[in-house]
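Good morning, and thank you for coming. Please look at the model on the screen while I take you through it.

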Amino acid sequence: TSHRGRMKLFRRHLTPLATDSTASLNLPPVRMGLLSKLNLLTIGLIFLTAIATTGFYVWQQWRDESSDLRQRGATALAMLAELSEFGLYTNNRAYLEAILESLSTEGDIAYAVIVDRNGETVAARRITDALGTAGPPAASADAPLPAAGTTATTELTIRGRRYIELIAPVGGTKIAIAMGLGQGPPEPAAEGTAAGPAAAATIGFVRLGMTFDRQQQLFRKHL
């Protein structure tokens with residue numbers, strides 16, 4: 001009898017707890033106030049503004065770095081074209097190879113190629129290992145070569161990496177005059193070809209490949 005009495009008291013003690021638990025589960029939904037909504041909207045706008053500002057900064061830096069890369073390539077190309085003039089005119093392969101060996105491996109130059117007026121490679125150097133063992137890429141047969149006094153620029157993708165290739169003609173007029181070989185009267189231009197010293201001055205071309213690796217590393221650093 002005493003055992004049954006204790007069980008009744010235990011059930012009476014649990015009944016209010018069960019009622020309170022059920023009531024707590026049936027609470028009305030919490031409504032978000034206007035101030036809370038404005039705070040969330042403000043936080044969202046700040047977050048979007050930060051993303052847009054960062055994206056614009058990264059894009060602007062990428063654009064500036066690409067422009068600087070082209071400018072550095074044009075400067076190096078002009079130097080190589082001038083230095084290569086004597087080697088191409090005298091067909092001195094060792095001299096041209098020594099010029100390419102003097103290029104620094106710490107910069108953005110990926111490869112350099114010197115070709116004669118017929119497009120045959122006279123000297124070449126692969127600087128970046130990303131090109132693989134094949135060396136510098138072959139010149140495109142469809143790409144027009146630049147005329148004297150101009151340069152050509154193309155973008156290439158080799159083994160998944162982007163490159164800028166700049167091509168400049170090498171003129172032989174200065175070297176020919178310095179060696180006393182250009183004193184005679186100019187030969188008449190053949191029919192269908194351009195006349196004048198500019199057309200006859202090109203004795204070869206310099207191809208210079210610039211890599212985007214450093215720019216891509218900076219881009220990944222800001223992400």
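**A pocket and the sheet behind the talk**

The lining of the second largest pocket consists of 14 nonpolar, 4 polar and 2 charged residues. Please keep in mind that this is a predicted model.

Let me stay with this pocket for a moment. Its volume is about 370 Å³. In total, 20 residues line the pocket, and those nearest its centre are Ala139, Ser140, Glu165, Ile167 and Arg207. Four elements each give two or more residues to this lining: β1 (109–116), β3 (152–158), β4 (161–171) and β5 (202–211). Which of the elements gives the most to the lining? That is β3, with 3 residues.

I now turn to the strands themselves. Five strands form an open sheet with antiparallel pairing, and their order is β2-β1-β5-β4-β3. The edges are occupied by β2 (121–126) and β3; each has a single partner strand, so one side of each lacks a neighbour in the sheet. On average, neighbouring strands in this sheet are turned by 20° against each other, with direction ignored.

Let us consider the two edge strands in turn, beginning with β3. The strands β3 and β4 run antiparallel and are joined by 7 bridges. As one example, threonine 153 has leucine 166 in β4 as its bridge partner. The hairpin of β3 and β4 has 2 residues between the strands, and in this hairpin arginine 159 takes a positive phi near 55°.

At the other edge, β2 pairs with β1 in the antiparallel sense, over 5 bridges. Here valine 115 stands opposite threonine 121 in β2. How many residues lie between the strands in the hairpin of β1 and β2? There are 4, and glycine 119 in this hairpin takes a positive phi near 85°.

A helix also belongs in this picture. Helix α3, residues 93–101, packs on the sheet and touches β1 and β2. The direction of α3 makes about 20° with that of β2.

Finally, I come to the charged side chains. The model has a count of 5 salt bridges. One of them joins the side chains of aspartate 108 and arginine 72, at 2.8 Å from N to O. Where in the chain do aspartate 108 and arginine 72 lie? Aspartate 108 is in the loop between α3 and β1, whereas arginine 72 is in helix α2, residues 34–90. The two residues are 36 residues apart, and the pair links distant parts of the chain.

Thank you for your attention.

Note on methods: Residues numbered from 1 in each chain as written. Predicted model: local features only at pLDDT ≥ 70, side-chain atom pairs only at ≥ 80, totals over all residues. Heavy atoms only, no water. 1 Å grid on protein atoms, 1.4 Å probe; cavity = no way out; pocket = protein on both sides within 12 Å on 5 of 7 lines; lining within 4 Å. Points joined across faces, edges and corners; volume = space filled by probe spheres on them. Nonpolar A, V, L, I, M, F, W, Y, C, P; charged D, E, K, R; others polar. Pairing = 2+ DSSP bridges. Axes fitted to C-alpha atoms, helices over the stretch in contact; angles between N-to-C directions. Contact = heavy atoms within 4.5 Å. Salt bridge = Lys/Arg side-chain N within 4 Å of Asp/Glu carboxyl O.
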